[in-house]
Structure formats: C-alpha cells, structure tokens
Amino acid sequence: MSRISVIIPAYNCELYVTACIDSVLQQTMRDLEVILVDDGSTDLTADICRGYARQDTRFVYLYQKNQGVSAARNHGLRTARSEYVMFVDADDMIDASMCAELLKRMEMGGSKTGKEDVLEGSDPDPFIRKEKAEKDGGSTGVDMVFCGFQRRFYKNGRLKSSKVILPDCPDIGSTRELGNVFGRLYETTLLTSVWGKLYQKKCIDQMPFWFSVDLGLGEDVLFNLEYLKQCHHIATVNQPFYIYNHYGGDISLTRRPSGERLRISGLLLEQVEDFAKHKDIYDQVKERLWKVYYKDCMNYLEQFPFMERLRKADNVFRSEGLCRILAESPFGRMDLLVYRMFLGSGNRLLVCMFAGMRKLAKKVLRGNGA
C-alpha cells in the first residue's frame, strides 16, 4: 500500500493539468497513489488524465458526471487506500520535495524534536486531550502537517508577480497555542485551504461529513474545521512547497464565481466563530475572523460591474453577519477601521467606490493593472 494518496480533482483544465501532474511525478518520494478525478470535463482533460493512468500504475483515473469539486474530492477519498492524504488542485503545482518533507514531519511525532510529549506538558488545556485521542482510536502523534505556499499571478500566460506566505509559527499542540496563531492562519488561508497539507486518513474516516456538495464556495473551510476537531497536534513546515496559480478567468474546478458568495460567507463566519467558542479562543481571534468576513463582503461586490454593484450593495448592508459584527465591534484593530468606515456607512456609492479602488489595487499589486 502506498504511503500517500494524492487527490487531484479536475474540470476542463487541459491547459494546466499536465504541469500539475508532472509536478507530482517529479516527487522525490515514489511511494504514492495519485487519484485523478475527472468531474465531467468536456475538453481534453479526460484524455490527458487517462494517458497518465495508462503509463504509470500508481495513477488511478476516476470519472464522474459534473457535480463540482466537493463531490470530486469525496469520490477521491472513497477510493484512497493510503495512510495519508494530500489534495492538489489541477491548475496548481507542488515542489518536488513536498510529499517527502511533509511525510517526514508527520512521522517525527508530536514535536519538532521528535518527542511526543507536547500534550503532557504544563499546558492545562490541551487541544484535544491524549486520553480522548487514545479512547477514539486516534494517533497520539501528529494529525496534520501544513506548509507555506507561493501565490503566482499570471496574465496572458505570463507570470506577472508572486508572493510567498509561510506559517511562521511553531507546532500547535494545545488550545493556548491554537489561540495564539489561529486568527492569522485563518486570515492567510493557511489553515482553511485543503491544499498544502498532509492529513491522516483515519482521522478523515472518523469525521461525520467530508466536503459539502451543497456549497459552491467555502467547502474546504468547513472540512478543515471539522478535521481540526479530530486533531490534537498540528505540525508546521516553514517552506512554500505548494504553488497556487492565479490565471485570468475562472477556469478552475474550485474557483467558479457564485451568486451565493455573501450567504456562504455568513455561514462560514458562524461556523468558524462556533469553532473558536468551542475551543475557548474566541476573544483572541474574533477580530481576525471579522476582518475575513469584511473582505468577503467586498469580494462579493467586486465581482459585479459598477451599476450592478450599486444594486447588490443593499444585500451587503442587510446581511445578518455584517449587522451583528458592526454592533459588536465599535472599536478594534486599526486594520479593521477602514472596512468598518465604508461597510458601516450604509452609503451604496461610497462602499462601491471603495470596492472599485480595492479591486484596482489588487490588480496593480498582482501585476495585472491597466
């Protein structure tokens, strides 16, 4: 049996899937099962994936009618037979040493020195107590390893800019340690995305649900929040082993625009707040969580042309999540004040102009400005 199952959901990505699969083929670790899940592609994606499966016995090709990325990942999980699982998007790539390095860190145990004594230390409130982990049949070592990533921005097929985002934090083996870093890791997507991570398959199997097929966005956040409930130790690797590519247009299986973005953002806010309250870290992380929601509100508006954006602004102003956090946070971090000023103004023209400036600034920073 292979050590790691690499699950790659793919939909109409003929231009990029070859580079993705080649980056998996180039891994220094060979003991892999690579599961290619074709979500009903209508281009050459299926032919490309079947070609790899014919040439390499480590590859498994699966086909399903178009159902979305959640159904594709669930299909891959049902097929996976390895001890560990990794997810890679079909238009992204991974460093040649990623599988080996994350597996090495996973098998070092509960601390970077190789000792498994973190949960029995002086912290009185462990992430999930060792006794519970043993009772549930779980490991008392590391349950998740995540690394940093490089975000690359392309225009007309040419790389315009890139940015490296790293965990820059120690391992997480207690509630105290989780509270210290969770807000920042949530805001930078390091703990919410499913890519860039190595999971224990047995922990996944203990989860009451996997990826929600009812959501077009945010399904990875809910998956990770549920997985974190199974964890008692999370390890970090401070290297950008995952390469997250941004191309022009919405060509990825996992990046389709959604008219429900605002509703889903409210759902995610509720879920992550409930998680933080359950872990007793809410007061430490709430402002970071609110900032993510403010950004989601602006991202929702940015996807529309200006005149339509003016009409959609009322949806934002009336959203339950925004009304609640504006009432709960009369003051706060300096980086929240700008969002509070515009989103709390109730002025459609003002907030839409801010959305336009924000969208333009992102294009310039990513090298895609006019």
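Buried here means under 20% relative accessible area, exposed means over 50%, and partly exposed is in between, using a 1.4 Å probe and protein chains only. By that yardstick Asn12 is partly exposed, with a relative accessible area of 22%. What you're looking at is a predicted model, where local features need pLDDT of at least 70, side-chain atom pairs count only at pLDDT 80 or more, and totals for chains, interfaces and linings use all residues. Residues are numbered from 1 along each chain as its sequence is written, and side-chain values use heavy atoms, with hydrogens and water left out.

**Helix 6**

- Helices (H or I, at least four residues) and strands (E, at least two) are DSSP runs, numbered from the N terminus.
- Helix 6 covers residues 175-187, and its end C-alpha atoms are 18 Å apart.
- That agrees with the expected span, because 13 residues at 1.5 Å a residue should also give 18 Å; the expected span is 1.5 Å times one less than the number of residues.
- Even so, helix 6 has a kink of about 45°, centred on Val181; the bend at a residue is the angle between axes fitted to the seven residues ending there and the seven starting there.
- Buried residues of helix 6 include Thr175, Leu178, Val181, Phe182 and Leu185, along with Tyr186 and Glu187.
- Those buried residues pack against strand 6 (144-155), helix 8 (219-228), helix 9 (261-278) and helix 10 (282-302), with contact meaning heavy atoms within 4.5 Å.

**Positive phi angles**

- After helix 6 comes Thr189, with a positive phi near 70°, although Thr189 is not a glycine.
- Thr189 sits in the loop between helix 6 and strand 8 (197-200).
- Thr189 counts as partly exposed, at 25% relative accessibility.
- Asn12 also isn't a glycine, and its phi is positive too, near 50°.
- You'll find Asn12 in the loop between strand 1 and helix 1.

**Salt bridges**

- A salt bridge is a side-chain nitrogen of Lys or Arg within 4 Å of a carboxyl oxygen of Asp or Glu, and by this rule the count comes to 20.
- Glu187 and Arg288 meet through their side chains in one of these, at 2.6 Å from N to O.
- This pair links distant parts of the chain, with Glu187 in helix 6 and Arg288 in helix 10, 101 residues apart.
- Lys295 and Glu187 also meet in a salt bridge, at 3.3 Å from N to O.
- Here too the pair links distant parts of the chain, with Lys295 in helix 10 and Glu187 in helix 6, 108 residues apart.
- Salt bridges that share partners join Glu187, Arg288, Lys291 and Lys295 into one network.
- Within that network, Glu187 counts as buried at 17% relative accessibility, while Arg288 is partly exposed at 23% and Lys295 is partly exposed at 23%.
- Elsewhere, Arg58 and Asp56 form a salt bridge through their side chains, at 3.0 Å from N to O, and both Arg58 and Asp56 are buried.

**A buried charge without a partner**

- Asp220 lies in helix 8.
- Asp220 is buried yet has no salt bridge, and the nearest side chain of opposite charge, Arg73, is 5.1 Å away; for charges, Lys and Arg count as positive, Asp and Glu as negative, and His and the chain ends are not counted.
- Leaving aside residues up to four places away in sequence, Asp220 touches Arg73, Thr192, Ser193, Val194 and Phe211.

**Helix 2**

- Helix 2 spans residues 45-55, and its buried residues include Thr45, Ala46, Cys49, Gly51 and Tyr52.
- Among the elements covering those buried residues are strand 1 (4-10), helix 1 (17-25), strand 2 (32-39) and strand 3 (59-64).

**Leu343**

- Leu343 belongs to helix 13, which runs over residues 334-343.
- Leu343 is buried, with a relative accessible area of 2%.
- Not counting residues up to four places away in sequence, Leu343 touches Tyr294, Cys297, Met298, Val316, Phe317, Leu322, Leu326 and Val351.
- Leu343 and Ala313 are 30 residues apart in sequence, and their C-alpha atoms are 9.3 Å apart in space.
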